Amino acid sequence: MNTIRLMLVDDHDIVRTGLKAFLDTQAGLQVVAEASGGQEAIARTLETQPDVIIMDISMPGTDGLEATRQLKRLRPDVHILALTVHEDKQYLFEMLSAGASGYLTKQAAADELVAAVQTVAQGNVYLQPTLARWLLEDYRRLSQESPSDVLIGADDSARGKDLDVLSKREKQVLELVAEGFTNNEIGEKLEISPKTVARHRERIMNKLDLHSCTELVKFAIRTGLIDIG
């Protein structure tokens, strides 16, 4: 596997230093650039051509939201992962609308950050599992307005597939992911390690040809694995 080239964007030096020290120890990852703000991030991206940008949102001057918009216009192929203190629905949707491929809070576990980087680098979407609870709330609301749109939806990549393709353990993991539990929380509930949970998630997504937490939640609802009533 080719090395994933990373750029870190955060206005706090200590955050960038800690992230770089950790990420550079991970196989297949290399931090090639850093920036303390949005405008510097744009310039450094054009100079260093990273594959994935780990982007803070709240920064002086050009913030992460505006930087993401500009970067996606200049480099549509670059993948941007928001890493922020904001566990907020509005920030989540605004970053995704701006072109970010993933959203993670700074409270996330280290192994989840690595998983998120690897996921967005492959062109997929990564949302922190706890954010799936917001998706469930939206699905509950939409189900009252138009149940068929919620349960079926257009272009559902897993349409025609059912739970029989998953093992018993994979079904358990999928249910907990869809309910918004983190890898660590799922591991505690099922008495397995977070890394094992991550491997189960990867196999589930491969079997179902799904590419994001949103699609996992949608599939779990459509097949009746979780109840939106």
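**Figure 1. A single cavity in the predicted model.** Searching the whole of this predicted structure turns up one cavity of 30 Å³ or more. The volume of the largest cavity comes to about 30 Å³. Around this space sit Leu-8, Val-9, Asp-10, Leu-19, Ile-54, Met-55, Asp-56, Leu-83 and Lys-106. Two strands stand out in the wall: β1 (4-9) and β3 (52-55) each bring at least two residues to the lining. Sort the lining by class and you get six nonpolar residues, three charged ones and no polar ones.

**Figure 2. The second largest pocket, with α1 in its wall.** Here the volume is about 160 Å³. The residues lining this pocket are Val-15, Leu-19, Phe-22, Leu-83, Leu-104, Thr-105, Lys-106, Ala-108, Ala-109, Ala-110 and Leu-113. Two or more lining residues come from each of α1 (13-23), β5 (102-105) and α5 (110-121). Helix α1 supplies the largest share, three residues. By class, the lining is made up of nine nonpolar residues, one polar and one charged. Leu-19, Leu-83 and Lys-106 turn up here and also in the lining of the largest cavity.

**Figure 3. The largest nonpolar core.** What holds the most contacts inside this 23-residue core? Val-9, Ile-53, Met-55, Ile-80, Met-95 and Tyr-103 do. The elements giving two or more residues to the core are β1, β2 (29-35), α2 (38-48), β3, α3 (64-74), β4 (79-84) and α4 (89-98). There is also a second, separate core, with 22 residues, and Leu-166, Ile-192, Leu-210 and Leu-225 are among them. In soluble globular proteins, nonpolar side chains tend to be buried together. For the wider setting, the chain has eleven helices and six strands, and 49% of its 229 residues count as buried.

**Figure 4. Met-55 and its neighbours.** Met-55 has a place both among the best-connected residues of the largest core and in the lining of the largest cavity. Leaving out residues up to four places away in sequence, Met-55 touches Val-9, Gly-64, Ala-67, Thr-68, Leu-71, Ile-80, Leu-81, Ala-82, Leu-83 and Met-95. Contacts across long stretches of sequence are a feature of the chain: of those between residues at least 6 apart, 66% join residues at least 24 apart.

**Figure 5. Thr-68, a threonine in helix α3.** Swing over to one of the residues that Met-55 touches, Thr-68, which is part of helix α3. Is Thr-68 buried or exposed? Thr-68 counts as buried, because its relative accessibility is 0% and the cut-off for buried is under 20%. Outside the four places on either side in sequence, Thr-68 touches Met-55, Ile-80, Met-95, Ala-98, Gly-99 and Ala-100.

**Figure 6. Asp-88 in the loop between β4 and α4.** Asp-88 is found in the loop that joins these two elements. With a relative accessible area of 29%, Asp-88 is partly exposed. A polar atom of the Asp-88 side chain lies 3.1 Å from the backbone nitrogen of Tyr-91. Thr-105 is 17 residues away along the chain, and its C-alpha atom is separated from that of Asp-88 by 9.5 Å. That threonine also lines the second largest pocket.

**Figure 7. His-200 in helix α10.** His-200 is found in helix α10 (residues 194-208) and is buried, with a relative accessible area of 9%. Which residues does His-200 touch, not counting those up to four places away in sequence? The contacts are Arg-169, Glu-170, Val-173 and Ile-192. Between the C-alpha atoms of His-200 and Glu-170 there are 6.0 Å, with 30 residues separating the pair along the chain. Within the helix neighbourhood, the His-200 side chain makes a polar contact with the side chain of Arg-203, at 3.0 Å. Ile-192, one of the contacts of His-200, belongs to the second core.

**Figure 8. Two loop residues with positive phi.** Gln-49 has a positive phi of about 55 degrees although it is not a glycine. Gln-49 sits in the loop between α2 and β3 and counts as partly exposed at 38% relative accessibility. Glu-191, another residue other than glycine, has a positive phi near 60 degrees. The loop that holds Glu-191 runs between α9 (183-190) and α10. Glu-191 is exposed, its relative accessible area being 73%.

Technical notes
Residues numbered from 1 in each chain as written. Predicted model: local features only at pLDDT ≥ 70, side-chain atom pairs only at ≥ 80, totals over all residues. Heavy atoms only, no water. 1 Å grid on protein atoms, 1.4 Å probe; cavity = no way out; pocket = protein on both sides within 12 Å on 5 of 7 lines; lining within 4 Å. Points joined across faces, edges and corners; volume = space filled by probe spheres on them. Helix = DSSP H or I, 4+ residues; strand = E, 2+ residues; numbered from the N terminus. Nonpolar A, V, L, I, M, F, W, Y, C, P; charged D, E, K, R; others polar. Core = buried A, V, L, I, M, F, W, Y, C linked by side-chain atoms within 4.5 Å. Buried < 20%, exposed > 50% of the residue type's maximum accessible area, 1.4 Å probe, protein only. Contact = heavy atoms within 4.5 Å. Polar contact = N/O pair within 3.5 Å; in protein donor to acceptor, adjacent residues only side chain to side chain.
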